[in-house]
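Reader: I am in my first year and would like to take a close look at one part of this protein, the place where the ligand sits. Could you take me through that part slowly and then show me how it connects with what lies around it?

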Amino acid sequence: MVATGILGTGAALPEKVITNFDLEKMVDTSDKWITERTGIKERRQAAPNETTSTLSVKAAKKALEMAGIEPEQLDLIICSTISPDMPLPATASIIQRELGAGTCCAFDLAAACSGFLFGMTVVDQFVKTGKSKYALVIGAELLSRYLDYQDRSTCVIFGDGVAAGVMGPVNSSSGILASEVHTNGAFADHLYIPAGGTARPATCETVQAREHFIKMRGNELFKVAVRSLEEVSRRVMEQANVHAGDVDLFIPHQANQRITNAVCERLGLPAEKVYSNINRVGNTSSASIPICLDECVRSGRIKKGDLILMSAFGAGVTWGSVLMRW
Ligand code: ACO
């Protein structure tokens with residue numbers, strides 16, 4: 001049986017930087033509070049003419065180039081996003097068209113911050129069964145379009161960004177060794193956008209009530225996130241029969257530096273084995289892990305043969321872990 005690996009990565013970040021000092025001018029917050037409570041110093045914000053699909057196409061082209069794969073060779077495109085270009089059609093359709101990727105299967109996947117790992121897990125099934133050879137997974141979020149810049153508890157956390165991975169068959173000594181993904185809908189109302197869907201279609205009243213923006217019970221999510229990330233990371237390591245000491249690099253979803261620190265302490269992972277860029281990009285939801293991956297691949301931080309653990313937690317609530325040999 002073949003294994004599924006990542007053949008190329010690419011990222012696209014908007015140019016505009018929003019610093020904590022910029023936010024101090026918009027809401028009652030401070031650089032000190034944001035830095036100490038989250039680890040974030042700045043994040044990116046998309047320009048009005050940028051969309052989830054335009055940045056996705058940029059990231060995808062870089063990933064395809066690194067993989068040495070032509071768009072027509074793709075037989076699966078998954079766009080993980082909770083901030084699509086529009087409700088209909090799927091952003092993956094627009095990406096497919098702009099890439100010139102023929103008529104391959106292309107769909108959106110909504111699992112918030114865990115979405116890239118959900119996407120990798122889906123692709124793993126398609127590649128292992130031979131249903132797909134080359135697949136493109138994109139983590140793409142323009143959450144600034146759903147942020148209430150009057151709500152200090154959310155607007156300081158999220159940033160915009162996109163990153164992609166081209167996946168395909170690799171020698172079975174590398175690739176995905178174990179993966180696990182979960183959802184617990186009992187916490188569905190802990191992080192949500194109340195209006196704009198079938199439950200509360202858009203009206204003048206929903207807009208006036210600011211119901212099209214993200215609402216989050218951050219404090220309660222924090223505890224669930226730490227517990228879930230620890231458990232699922234342990235489970236994939238157990239499945240692959242490896243220990244935390246064997247892991248060369250841990251790439252956690254960049255939700256909050258304090259969440260990362262708590263999880264690493266519980267898993268016994270030292271800081272030098274943990275990647276973090278939250279200070280520069282904030283929480284980019286499903287783009288968070290692939291942006292980190294791309295930075296690590298391009299900077300040489302990830303080397304052939306390295307054991308990489310990736311774990312994420314997000315709205316839904318969703319969580320998951322992928323362990324792979326590079
Ligand atoms: N600046 C200053 N003060 C603030 C700010 C701010 N930006 N935000 C909140 N506060 C205040 C609160 O009002 C509160 O004040 P009070 O004590 O007077 O009531 C105080 O700070 C503490 O608030 P908490 O919400 O308890 O702050 P906490 O330390 O928990 O940090 C945070 C908040 C950063 C949101 C944290 O809870 C967190 O990161 N939670 C996890 C989020 C997460 O993982 N989400 C899932 C992934 S995202 C996705 O899926 C899209």
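Author: Let us begin at the ligand itself, keeping in mind that this is a predicted model. Around the ligand there are 27 residues, and those that come nearest are Thr29, Arg37, Cys113, Asn219 and Asn256. Thr29 can be looked at more closely, since one of its polar side-chain atoms lies 2.7 Å from a nitrogen atom of the ligand. A nitrogen atom of the ligand is also found 3.0 Å from a polar atom of Gly218, and in that case the atom belongs to the backbone. Arg152, in turn, places a polar side-chain atom 2.9 Å from an oxygen atom of the ligand.

Arg152 is a good residue to follow outward, for its side chain also meets that of Asp28 in a salt bridge, with 3.7 Å from N to O. This pair links distant parts of the chain, as Asp28 sits in the loop between helix H1 (20-24) and H2 while Arg152 belongs to helix H6, and the two are 124 residues apart. Counted by the same rule, the salt bridges in the model come to 14.

From here it helps to step back to the division of the protein, which consists of domain 1 (3-172) and domain 2 (177-325). Their contact draws 50 residues from domain 1 and 44 residues from domain 2. The C-alpha centres of domain 1 and domain 2 are 14 Å apart, and between them the domains bury about 3600 Å², with 64% of that area on carbon and sulfur atoms.

What holds polar partners across this interface can be described in two steps. The rule finds one salt bridge between domain 1 and domain 2, and the count of residue pairs in polar contact there is 23. On the side of domain 1 that touches domain 2, several elements each supply at least two residues, among them strand S1 (3-12), helix H2 (31-38), helix H5 (115-128) and helix H6 (152-155). The residues of that side divide into 22 nonpolar, 17 polar and 11 charged.

Another salt bridge to find in the model joins the side chains of Asp148 and Arg210, at 2.9 Å from N to O. Asp148 also leads us to Phe213, which touches Tyr146, Leu147, Asp148, Tyr192, Ile193 and Pro194 when residues up to four places away in sequence are left out. Phe213 itself lies in the loop between helix H7 (204-208) and strand S10 (215-216).

Finally, some loops deserve a careful look at their backbone. Ala112, found in the loop between strand S5 (105-109) and H5, has a phi near 50 degrees, which is a positive value in a residue other than glycine. Leu88 and Pro89 are joined by a cis peptide bond with omega about 0 degrees, and Pro89 is placed in the loop between strand S4 (76-80) and helix H4 (91-99). The peptide bond from Gly316 to Val317 is cis as well, with omega near -15 degrees, and Val317 belongs to the loop between strand S12 (307-314) and strand S13 (318-325).

Notes
Residues are numbered from 1 along each chain as its sequence is written. This is a predicted model: local features need pLDDT of at least 70, side-chain atom pairs count only at pLDDT 80 or more; totals for chains, interfaces and linings use all residues. Side-chain values use heavy atoms; hydrogens and water are left out. Domain bounds come from an automatic or database domain assignment. Contact means heavy atoms within 4.5 Å. Buried area is the accessible area (1.4 Å probe) that two parts lose on being put together, summed over both. A salt bridge is a side-chain nitrogen of Lys or Arg within 4 Å of a carboxyl oxygen of Asp or Glu. A polar contact is a pair of N or O atoms within 3.5 Å; within protein, one must be able to donate a hydrogen and the other to accept it, and residues adjacent in sequence count only if both atoms are side-chain atoms. Helices (H or I, at least four residues) and strands (E, at least two) are DSSP runs, numbered from the N terminus. Ala, Val, Leu, Ile, Met, Phe, Trp, Tyr, Cys and Pro count as nonpolar, Asp, Glu, Lys and Arg as charged, and the others, Gly among them, as polar. A residue is near a molecule or strand if one of its heavy atoms lies within 4 Å of it.
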